[in-house]
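Colleague: I have the sequence and the model open. Can we go through the packing and a few side chains?

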Amino acid sequence: MLLHHVGMGPLQWSGVVDALGDRVHAVAPALRGHGGTTAEPLAGSENRRDLFTVADALSLDRPVVVAAGSFCAALALAAAIEAPERFAGIVTINGTFPETREGAESEVEIVGSPEMIHYMKDRFRIGQVCATQEALSAHIVAKIAALHQDWVIGEDVDLLPEILAGVRMVPGGRSTSPSDDTIRTFYEFDPGFGYPDRELYRQVRVPLQVLHGVDSWDERGIALEYELTAYNQDMDVHLLDAGQFPMYSHPSEIAKHVLQAMALV
């Protein structure tokens with residue numbers, strides 16, 4: 001089960017799915033408010049319940065969950081802590097958290113702040129309504145250009161299908177998902193169970209692969225491997241020569257680690 005980054009869509013896994021081939025049954029659901037979903041967004045760790053829903057609906061027997069970014073990592077880890085018998089393993093990609101609770105709270109506050117929402121609306125056209133096809137086309141071109149530049153996604157990556165899959169009808173015209181309300185709601189984490197801090201790594205008791213791009217946004221220092229494995233001995237940490245989105249730049253390497261998590265290599 002492949003969970004995409006907040007703000008992107010399931011098609012960001014296309015290269016990884018191709019690299020996995022026919023050895024696995026790969027499922028890439030859209031997060032609430034993303035792609036073509038109509039379900040109302042849930043706050044913070046409540047979204048972990050959708051992992052159970054997808055697994056039940058598709059009759060997935062103890063899937064390995066591959067989670068992109070810190071938000072989805074928190075969901076996957078919390079779900080595995082709550083019901084470890086439901087999952088064969090977890091793979092997180094750039095899903096590490098600050099070492100202290102104070103650092104984690106500061107990070108959550110930043111990503112959900114009015115300033116960050118304003119930046120995403122300004123640069124990525126989040127929440128922008130297009131009344132005409134011409135306006136929508138210009139919107140999509142500008143959004144893709146900003147994603148390549150600001151999120152350092154290679155120009156060779158074709159983001160158009162992924163963005164088109166998120167076009168939806170809204171009052172006054174069409175827009176691309178997600179909306180600013182969706183982003184804001186996702187980052188409303190309750191301070192209790194499932195909060196995105198390192199306590200999740202301490203509590204999880206299923207096999208865990210941690211993939212970390214050395215040039216990702218959440219780089220935590222050269223001692224990361226030793227810090228995390230001290231929490232959980234059933235954990236492997238792998239540093240990737242990659243940035244925040246290795247599913248685009250290193251799909252075969254991601255697929256290799258997924259197959260390892262599934263004991264298929």
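Colleague: How are helix 5 and helix 6 oriented to each other?

Modeller: Helices here are DSSP runs (H or I, at least four residues), strands are E runs of at least two, and both are numbered from the N terminus. Axes are lines fitted to C-alpha atoms, for helices over the stretch in contact, and angles run from 0 to 180 degrees between N-to-C directions. Helix 5 and helix 6 pack at about 120°, axes 8 Å apart. Angles under 35 degrees count as roughly parallel, over 145 as roughly antiparallel, 65 to 115 as roughly perpendicular and the rest as oblique, so this pair is oblique.

Colleague: What is the source, and which limits apply?

Modeller: This is a predicted model: local features need pLDDT of at least 70, side-chain atom pairs count only at pLDDT 80 or more, and totals for chains, interfaces and linings use all residues. Residues are numbered from 1 along each chain as its sequence is written, and side-chain values use heavy atoms, with hydrogens and water left out.

Colleague: How do the residues of the contact of helix 5 with helix 6 divide?

Modeller: Contact means heavy atoms within 4.5 Å. Helix 5 brings Tyr119, Arg123 and Phe124; helix 6 brings Ala142, Lys143, Ala146, Leu147, Gln149 and Asp150. Ala, Val, Leu, Ile, Met, Phe, Trp, Tyr, Cys and Pro count as nonpolar, Asp, Glu, Lys and Arg as charged, and the others, Gly among them, as polar. The split is five nonpolar, one polar and three charged.

Colleague: What span should the 18 residues of helix 6 have, and how far apart are its end C-alpha atoms?

Modeller: The expected span is 1.5 Å times one less than the number of residues. For helix 6 (residues 133-150) that gives 26 Å, and the ends agree with it at 25 Å.

Colleague: What covers the buried residues of helix 6?

Modeller: Buried means under 20% relative accessible area, exposed over 50%, partly exposed in between (1.4 Å probe, protein chains only). Buried residues of helix 6 include Leu136, His139, Ile140 and Lys143. Their cover includes helix 5 (114-124), helix 7 (160-164), strand 4 (167-170) and strand 5 (173-176).

Colleague: How many residues of helix 3 are buried?

Modeller: Helix 3 covers residues 69-82 and reaches 20 Å, close to the 20 Å expected. Its buried residues include Phe71, Cys72, Leu77 and Ile81. The helix is mostly covered, and the count is twelve of 14.

Colleague: Which residues make the contact between helix 2 and helix 3?

Modeller: Helix 2 (residues 49-57) packs on helix 3 at about 75°, axes 8 Å apart. The two are therefore roughly perpendicular. The residues are Arg49, Leu51 and Phe52 of helix 2, with Leu75, Ala76, Ala79 and Glu82 of helix 3.

Colleague: Is Gln244 buried or exposed?

Modeller: Gln244 sits in the loop between strand 7 (235-240) and helix 11 (246-249). Beyond its neighbours within four places in sequence, its contacts include His5, Asn94 and Asp215. A polar side-chain atom of Gln244 lies 2.9 Å from the backbone nitrogen of Trp217. At 9% relative accessibility, Gln244 is buried.

Colleague: Which backbone oxygen does the side chain of Ser113 reach?

Modeller: Ser113 lies in the loop between helix 4 (101-111) and helix 5. At 13% relative accessibility, Ser113 counts as buried. At 2.8 Å, its side chain reaches the backbone oxygen of Ile110.

How values were computed
Polar contact = N/O pair within 3.5 Å; in protein donor to acceptor, adjacent residues only side chain to side chain.
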